[in-house]
Amino acid sequence: LATLQGGAAPDQSLGTDDAAAVAKIRLESQLREALDGGRLQMHLQPLLDIPTGKIAGYEALIRWDHPERGPISPLEFITLAEETSLIVPVGQFMLQEAISALVTMRSRGMAQLPFLSINVSARQLREADLIQSLLERLGDAALPASAVKLEITESQVLDYPHTAEVLDACRAAGIRVALDDFGTGFSNLSHLSALAFDTVKIDQAFLRGVEGSSRAAMMLDAIVGLVRATGADALAEGVETPEQLQTLRRLGVRYAQGYLIGKPEPLARALQAQGAA
Ligand code: C2E
Ligand code: MG
Ligand code: MG
Ligand code: MG
């Protein structure tokens, strides 16, 4: 970096760390360009309400088709955006996309308006007006607060000391909140029981092998019991086989998400799948 800023001797070559830092800065500026140039996209993945067999909502997932590298995993560029403050405008873009998708869904006369579940980073929770601006956007679109759910990962909950206040503000406003990737963030169980989530999303790691191994099935059963004890609805992530769905039904899990039910896809295709195109 010192080299780029002109502070180092010109013949000094970049070390590995410097090269990585430069690549990161480059990706960050490309992400900023993609955001400004309208090249970020929102995909929607259906969430099955197991008892009724209906699609109750969709998770909004960001997509970036990089001009040179092709599609890049959000795990890579969201982490980068969180390190800088780019996550704030990127997050606003996703909120806006989600609201416009809800408006479209309503105009297509979907029998019941599904909810959209939107991932938010701790950095966004720190923005004092996140909830207020979300409520304003919803109000402008004449949408109820119950049309959105915010997803916060377990590790981010632990990172951010004021989660309880944000959750209270959401609850007071009627916005529901989900704890994402449960079981992977070195769960602080006392913390979990103190926070009131509407939904707890059990990480897909706990679904692997539940068809075969009784140990995996017992683990899943125990986790579902834990979630139920907090008063939240359980959602299982990464459902890929009918046998897994059958297990979830038997355990009384409320929602299922995964390739078996549907892959993340653009709004138009999600509507087609629901016969609402
Ligand atoms: P997540 O919130 O846990 O999202 C679920 C991930 O599981 C998605 O990965 C989805 O494509 C994937 N998935 C869904 N069903 C299956 C399945 O049956 N099998 C397998 N193997 N995978 C499945 P994706 O889209 O790559 O997103 C990765 C993570 O990036 C998300 O994990 C979330 O933490 C983050 N992310 C995505 N979009 C946003 C966003 O708009 N804002 C923020 N802050 N984070 C986002
Ligand atoms: Mg999520
Ligand atoms: Mg998740
Ligand atoms: Mg995840």
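**Two magnesium ions and a helix pair**

Mentor: This is a predicted model. D180 bridges the magnesium ion (ligand 3) and the magnesium ion (ligand 2), and the two ions lie 3.8 Å apart.

Trainee: Where does D180 lie, and where does E237 lie?

Mentor: D180 lies in strand β6, residues 176-182. E237 is in the loop between β8 (233-236) and α10, so the pair ties together parts that are 57 residues apart in sequence.

Trainee: Is D180 buried or exposed?

Mentor: Buried. D180 has a relative accessible area of 4%, and the cut-off for buried is under 20%.

Trainee: And E237, buried or exposed?

Mentor: E237 counts as buried too, at 10% relative accessibility.

Trainee: Which residues coordinate the magnesium ion (ligand 3)?

Mentor: D180 (OD), D181 (OD) and E237 (OE), with E237 (OE) listed twice. The distances run from 2.0 to 2.7 Å.

Trainee: How are those donor residues spaced in sequence?

Mentor: The spacing for the magnesium ion (ligand 3) is D-D-x55-E.

Trainee: Now the other ion. What coordinates the magnesium ion (ligand 2)?

Mentor: Ligand 2 has E59 (OE), N119 (OD1), E151 (OE) and D180 (OD), at 2.0 to 2.2 Å. Along the chain, its donors follow E-x59-N-x31-E-x28-D.

Trainee: Where do E59 and N119 lie?

Mentor: E59 lies in strand β2 (residues 54-66), and N119 in strand β4 (residues 115-119). The pair therefore ties together parts that are 60 residues apart in sequence.

Trainee: What is the relative accessibility of E59?

Mentor: E59 is at 4%, so it counts as buried. N119 is partly exposed, with a relative accessible area of 30%.

Trainee: Switching to helices. How do the axes of α9 and α10 cross?

Mentor: Helix α9 (residues 214-229) and helix α10 (residues 242-251) have axes that come within 11 Å and cross at roughly 45°. The two helices are therefore oblique to each other.

Trainee: Is the crossing left-handed or right-handed?

Mentor: Right-handed, as α9 passes α10.

Trainee: Which residues meet there?

Mentor: From α9, L220, D221, V224 and R228. They meet T247, L248 and L251 in α10.

Trainee: How do the residues of that contact divide into nonpolar, polar and charged?

Mentor: The contact of α9 with α10 has four nonpolar residues, one polar and two charged.

Trainee: Back to the metals for a recap. Which residue bridges the two ions?

Mentor: D180. That residue is a donor to ligand 2 and to ligand 3.

Terms used: Residues are numbered from 1 along each chain as its sequence is written. Chains are lettered from A and ligands numbered from 1 in the order in which they are written. This is a predicted model: local features need pLDDT of at least 70, side-chain atom pairs count only at pLDDT 80 or more; totals for chains, interfaces and linings use all residues. Side-chain values use heavy atoms; hydrogens and water are left out. Axes are lines fitted to C-alpha atoms, for helices over the stretch in contact, and angles run from 0 to 180 degrees between N-to-C directions. Helices (H or I, at least four residues) and strands (E, at least two) are DSSP runs, numbered from the N terminus. Angles under 35 degrees count as roughly parallel, over 145 as roughly antiparallel, 65 to 115 as roughly perpendicular and the rest as oblique. A crossing is left-handed if the near helix is turned anticlockwise from the far one by less than a right angle, and right-handed if clockwise. Contact means heavy atoms within 4.5 Å. Ala, Val, Leu, Ile, Met, Phe, Trp, Tyr, Cys and Pro count as nonpolar, Asp, Glu, Lys and Arg as charged, and the others, Gly among them, as polar. Donors are N, O and S atoms within 2.8 Å of the metal (3.2 Å for Na, K and Ca); water is not among the atoms, so sites may look incomplete. Buried means under 20% relative accessible area, exposed over 50%, partly exposed in between (1.4 Å probe, protein chains only).
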